[in-house]
Amino acid sequence: MGTIAIYPGTFDPITKGHSDIVARAAGIFDHVILAVAAATAKNTAFSTDERVDLARQVLAEHKNVEVRRFEGLLAHFVRDCGAKAVLRGLRAVSDFEYEFQLAGMNKKLVPEADTVFLPTTENYSYISSSLIREIASLGGNVGEFVHPIVHAALTERLGKRKKA
Ligand code: ADP
């Protein structure tokens, strides 16, 4: 199957920043698995199935990219998949401290895999799922930062909340 990379995250929802990382990784690794965390302490706007479904639709064009949900510890999922790399995106120096700690811990838990960081493309550095959700819930237009399918889902889920 070649070299497998796992790209883990909450993806609540998937943004153009995420899909840019995936597209670039798909050109480097043989197989990329975008792994949607089911067990998250975060209060998500979309359920795990919805987050998986949106990511699948957005990434459908990539033949060597697969979207899967994972429960529990990422290290176990990485090992079960036989992955050699854990992919993370870096937006700013502020991401680095936490990501560096996470990479160190994952290396301890799964020594056979390494974390690979891809820097965001410059014009996506300010995009985060949390900011996108906040803007959408306050009635702002997030069409520029997410796929049209995600835009529609956000409008449906959050855009109408204020009027309820
Ligand atoms: P998590 O809850 O694990 O942080 P996210 O879904 O927020 O999950 O992010 C998953 C990964 O994507 C993280 O490595 C994050 O740094 C990266 N990421 C998020 N937004 C961007 C972006 N605009 N450009 C590059 N990487 C990003």
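# Aromatic pairs, helix packing and buried residues

The model contains 5 aromatic pairs, where rings of Phe, Tyr and Trp (its six-membered ring) pair if their centres lie within 6.5 Å, with planes under 30 degrees apart counted as stacked, over 60 as edge-to-face and the rest as tilted. One of these pairs joins tyrosine 126 and phenylalanine 145 in an edge-to-face arrangement, with 6.2 Å from centre to centre and 90° between the planes. This pair links distant parts of the chain, 19 residues apart: tyrosine 126 belongs to the loop between β5 (114-119) and α5 (129-137), and phenylalanine 145 to the loop between α5 and α6. Helices (H or I, at least four residues) and strands (E, at least two) are DSSP runs numbered from the N terminus.

The structure is a predicted model, in which local features need pLDDT of at least 70 and side-chain atom pairs count only at pLDDT 80 or more, while totals for chains, interfaces and linings use all residues. Residues are numbered from 1 along each chain as its sequence is written, and side-chain values use heavy atoms, with hydrogens and water left out.

The two partners of the ring pair are not equally covered. Phenylalanine 145 counts as buried because its relative accessibility is 16%, whereas tyrosine 126, at 48%, counts as partly exposed. The terms refer to relative accessible area (buried under 20%, exposed over 50%, partly exposed in between; 1.4 Å probe, protein chains only). Elsewhere, Phe96, Phe100 and Phe117 form one aromatic cluster.

Phe117 also leads to arginine 88, since it is one of the residues that arginine 88 touches. Arginine 88 is part of strand β4 (residues 85-90). With a relative accessibility of 18%, this charged residue counts as buried. Beyond four places in sequence, its contacts (heavy atoms within 4.5 Å) include Tyr7, Pro8 and Gly9, as well as Tyr98, Glu99 and Leu102. The side chain of arginine 88 also reaches the backbone oxygen of proline 8, at 2.9 Å.

From strand β1 (4-9), the chain continues into the loop that precedes α1, where proline 13 is placed. Aspartate 12 and proline 13 are joined by a cis peptide bond, with omega about 0°. In the loop between β1 and α1 lies phenylalanine 11 too. Its phi is near 50°, a positive value in a residue other than glycine. Phenylalanine 11 counts as buried because its relative accessibility is 3%.

Helix α1 (residues 16-26) follows, and is mostly covered, with 8 of its 11 residues buried. Among the buried residues are His18, Ser19 and Asp20, together with Ile21 and Val22. At the start of α1, a side-chain oxygen of threonine 15 comes to within 3.1 Å of the backbone nitrogen of glycine 17.

Ala26, another buried residue of α1, is touched by asparagine 64. Asparagine 64 is placed in the loop between α2 and β3 (65-70). Its other contacts outside the four-place sequence neighbourhood are Phe29, Asp30, His31 and Val32. A polar atom of the asparagine 64 side chain lies 3.2 Å from the backbone oxygen of aspartate 30. Histidine 31, in turn, is found in strand β2 and is buried, with a relative accessible area of 12%. The side chains of histidine 31 and glutamate 66 are joined by a polar contact of 2.7 Å. Such a contact is a pair of N or O atoms within 3.5 Å; within protein, one must be able to donate a hydrogen and the other to accept it, and residues adjacent in sequence count only if both atoms are side-chain atoms.

How do α2 and α6 cross? The axes of helix α2 (residues 48-58) and helix α6 (residues 148-159) come within 9 Å and cross at roughly 150°. Helix α2 is therefore roughly antiparallel to α6. Axes are lines fitted to C-alpha atoms, for helices over the stretch in contact, and angles run from 0 to 180 degrees between N-to-C directions; under 35 degrees counts as roughly parallel, over 145 as roughly antiparallel, 65 to 115 as roughly perpendicular and the rest as oblique. Glu50, Leu54, Gln57 and Val58 of α2 meet Ile149, Val150, Ala153 and Arg157 of α6. These residues comprise 5 nonpolar, 1 polar and 2 charged (Ala, Val, Leu, Ile, Met, Phe, Trp, Tyr, Cys and Pro are nonpolar, Asp, Glu, Lys and Arg charged, and the others, Gly among them, polar).

Alanine 45, in the loop between β2 (31-37) and α2, contacts Glu50 and Arg157 as well as Asp12, Arg133 and Leu158, its neighbours within four places in sequence being left aside. At 15% relative accessibility, alanine 45 counts as buried.
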